[in-house]
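Got the viewer open? Let's take a short walk through this one, picking out one thing at a time.

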Amino acid sequence: MFNDKENFDIDMKNIPNHIAIIMDGNGRWAKKRGLIRKAGHKAGADTLEKVSRYAQKLGVKHLTVYAFSTENWKRSDEEVSGIMDLLRKYLDEHIKKCKKDNFKVTMLGDPLRLDTDIQEKIKTLESLTKDNTGLCLHIALNYGGRDEILRAVKKIAVDVKNGVVEPENIDENYISSSLDTEGLPDPELLIRTSGEERISNFLLWQIAYSEFVFSDKLWPDFGENDLREAIYMYQNRDRRFGGRK
């Protein structure tokens, strides 16, 4: 699995419309090299940029990445501060070159716990890229699947209280439209790096029928051929959605 030497012959007519990635292993990558954890997160940000460009080249329409979870606040103050500083730099760089990359960037999650300047940078980047026609890059920040569902339930409860919707008319589409991913197709493919095989509270509603591919590669080592192999594995799955062929 995940052979660097093989060039996987993928079907360009069957590229997943939406790929989600749990970018795991930055800290272990740094530790293996005797570096501080911040260096691993910097390498991970560089990998995200390269993988995003390649996904766009392949024709992927939506790429959703797990950048910082609601649980990541439990990490040391030093590590969290380093991640936030890198996020500021990442946002600033993409604000400068947003037209060149042609990515449409949106953020998922609850922004209110993020520092005000980061919230403003996010709004600026979303505004500047809203009319771009390339890859839709969705970055999950202060995001947790259970938190997302909880916020959606509260929103729907307010809608019921205000007479916007009757309880009997609440269906899957109404719930989907109340989530952070409103209007987005569900991911067909979920990739997790670093050898871990769990979903860690990511897109709990949206990945009901996603194909899972787990890579032993640490995220900073994940490259173009690894993405090709994950897509190759996806294309060779029998997707029945609970039915029979």
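**Stop one: the pocket**

Start by selecting α1 (26–32), α2 (37–58), β2, α3 (77–101) and β4: each of these gives at least two residues to the lining of the largest pocket. Keep in mind as you look that this is a predicted model. Which element supplies the largest share of that lining? It's α2, with five residues.

Now show the whole lining, which comes to 30 residues. To find the middle, pick Met23, Asn26, Tyr66, Ala67 and Asn72, which lie nearest the pocket's centre. The volume is about 770 Å³. Colour the lining by residue type and you'll get 14 nonpolar, eight polar and eight charged residues.

**Stop two: from Tyr66 into the sheet**

Stay on Tyr66 and look across to β4, where its bridge partner is Ala140. Select residues 62–69 (β2) and 136–143 (β4) to see the two strands run parallel, paired over seven bridges.

Next, bring up the full sheet. It is open, with six strands in the order β3-β4-β2-β1-β5-β6 and parallel pairing. Go to β3 (104–108) and β6 (211–214) for the edges: each has a single partner strand, so one side of each is left without a neighbour in the sheet. Turn the view to follow the twist, which averages 20° from one strand to the next.

**Last stop: a helix on the sheet**

Finally, select residues 224–235, helix α7, which packs on the sheet. Helix α7 touches β1 (18–22), β5 (189–192) and β6, and its direction makes about 135° with that of β5.

Terms used:
Residues are numbered from 1 along each chain as its sequence is written. This is a predicted model: local features need pLDDT of at least 70, side-chain atom pairs count only at pLDDT 80 or more; totals for chains, interfaces and linings use all residues. Side-chain values use heavy atoms; hydrogens and water are left out. Two strands pair if DSSP finds at least two bridges between them. Helices (H or I, at least four residues) and strands (E, at least two) are DSSP runs, numbered from the N terminus. Axes are lines fitted to C-alpha atoms, for helices over the stretch in contact, and angles run from 0 to 180 degrees between N-to-C directions. Contact means heavy atoms within 4.5 Å. On a 1 Å grid over the protein atoms alone, a cavity is a set of points where a 1.4 Å probe fits but cannot get out, and a pocket is an open set with protein on both sides within 12 Å along at least five of seven lines; lining residues have an atom within 4 Å of a point. Grid points are joined across faces, edges and corners, and a volume is the space filled by probe spheres set on the points. Ala, Val, Leu, Ile, Met, Phe, Trp, Tyr, Cys and Pro count as nonpolar, Asp, Glu, Lys and Arg as charged, and the others, Gly among them, as polar.
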